[in-house]
Amino acid sequence: MSKILMITGDFVEDYENMVPFQTLLACGHEVDAVCPDKSAGDTIKTAIHDFEGDQTYTEKPGHNFTLNATFADVKAEDYDGLYIPGGRAPEYLRLNADVIALVKAFFTADKPVSSICHGPQLLAAAGMLEGKQVSAYPACEPEIKLAGATYVAVNMDEAITDGKLVTGPAWPAHPALLSQFMALL
């Protein structure tokens with residue numbers, strides 16, 4: 001099976017972090033979950049985003065998620081694919097030059113990349129979306145377009161694939177997103 005890198009961080013969306021991590025493991029893949037400035041055994045805090053009739057989602061505390069690898073030790077060439085969850089983590093992870101370099105390395109090597117919700121913010125910051133068709137949480141549409149991609153509005157339970165890039169708007173898309181991603185591995 002494949003070896004997958006997950007770049008995550010504090011206040012990542014709980015379901016978009018925990019469910020894919022466990023699903024990929026259950027399907028026989030090896031998954032290393034890392035966060036800059038943290039080591040294997042450290043934890044990150046997750047957040048649960050819910051839709052309760054407000055103009056945007058609400059945020060509640062999620063779980064403490066234990067990282068199983070050390071960010072400083074990872075190299076793109078050691079992995080078959082990259083998964084980037086959403087939530088608030090991508091907004092600050094995209095400011096880290098080492099994260100950007102790692103994301104670029106996966107695209108340069110033409111390896112499968114999957115990203116959901118706000119995760120494409122990180123891909124846009126890395127300059128890897130030009131000419132692509134990309135789905136994301138609807139609030140990310142302006143960034144997707146500014147990155148030179150075509151924003152594709154799909155139902156919340158759908159995902160799209162463009163080459164080796166799989167994207168989706170939110171955690172209800174997990175079945176579609178993960179099956180499309182695993183088909184590329």
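## A tour from C35 to V166

Start by selecting C35: this cysteine counts as buried, at 4% relative accessibility. Buried here means under 20% relative accessible area, exposed means over 50%, and partly exposed lies in between (1.4 Å probe, protein chains only). The model is a predicted one: local features need pLDDT of at least 70, side-chain atom pairs count only at pLDDT 80 or more, and totals for chains, interfaces and linings use all residues. Residues are numbered from 1 along each chain as its sequence is written, and side-chain values use heavy atoms, with hydrogens and water left out.

**Cysteines**

Stay on C35 and add C117. Why is there no bond from C35? The closest cysteine sulfur, in C117, is 17 Å from the sulfur of C35, so it is too far away for a bond. A disulfide is a pair of cysteine sulfur atoms within 2.5 Å. By this rule the count is 0 disulfides. Now select C140, which is in no disulfide either; the nearest cysteine sulfur, in C117, is 6.5 Å away. C140 counts as buried, at 1% relative accessibility.

**Strand β6 and its partners**

Next, select residues 81-84, strand β6. Strands (E, at least two residues) and helices (H or I, at least four) are DSSP runs, numbered from the N terminus. Both faces of β6 are covered. G81 and Y83 are buried on one side, L82 and I84 on the other.

Add strand β1, residues 3-7: β1 and β6 pair in the parallel sense over 3 bridges. Two strands pair if DSSP finds at least two bridges between them. Find M6, opposite Y83 in β6. Then add β7, residues 113-116, which pairs with β6 in the parallel sense over 3 bridges. Here L82 stands opposite V113 in β7.

**An open sheet**

Move to β2, β4 and β5. These 3 strands form an open sheet in the order β2-β4-β5, with mixed pairing. The edge strands are β2 (12-13) and β5 (58-66), each pairing on one side only. Strands of a sheet pair through backbone hydrogen bonds, either parallel or antiparallel. β2 and β4 (residues 43-50) run parallel, joined by 2 bridges. Select V12 to see T46 of β4 opposite.

**Last stop: V166**

Select V166, in strand β11 (residues 165-168). Is V166 buried or exposed? V166 is buried, with a relative accessible area of 0%. Leaving aside neighbours within four places in sequence, V166 is in contact (heavy atoms within 4.5 Å) with residues including V113, S114, S115, I160, L177, F181 and L184. Finally, select V134: its C-alpha atom is 7.9 Å from that of V166, with the two residues 32 apart along the chain.
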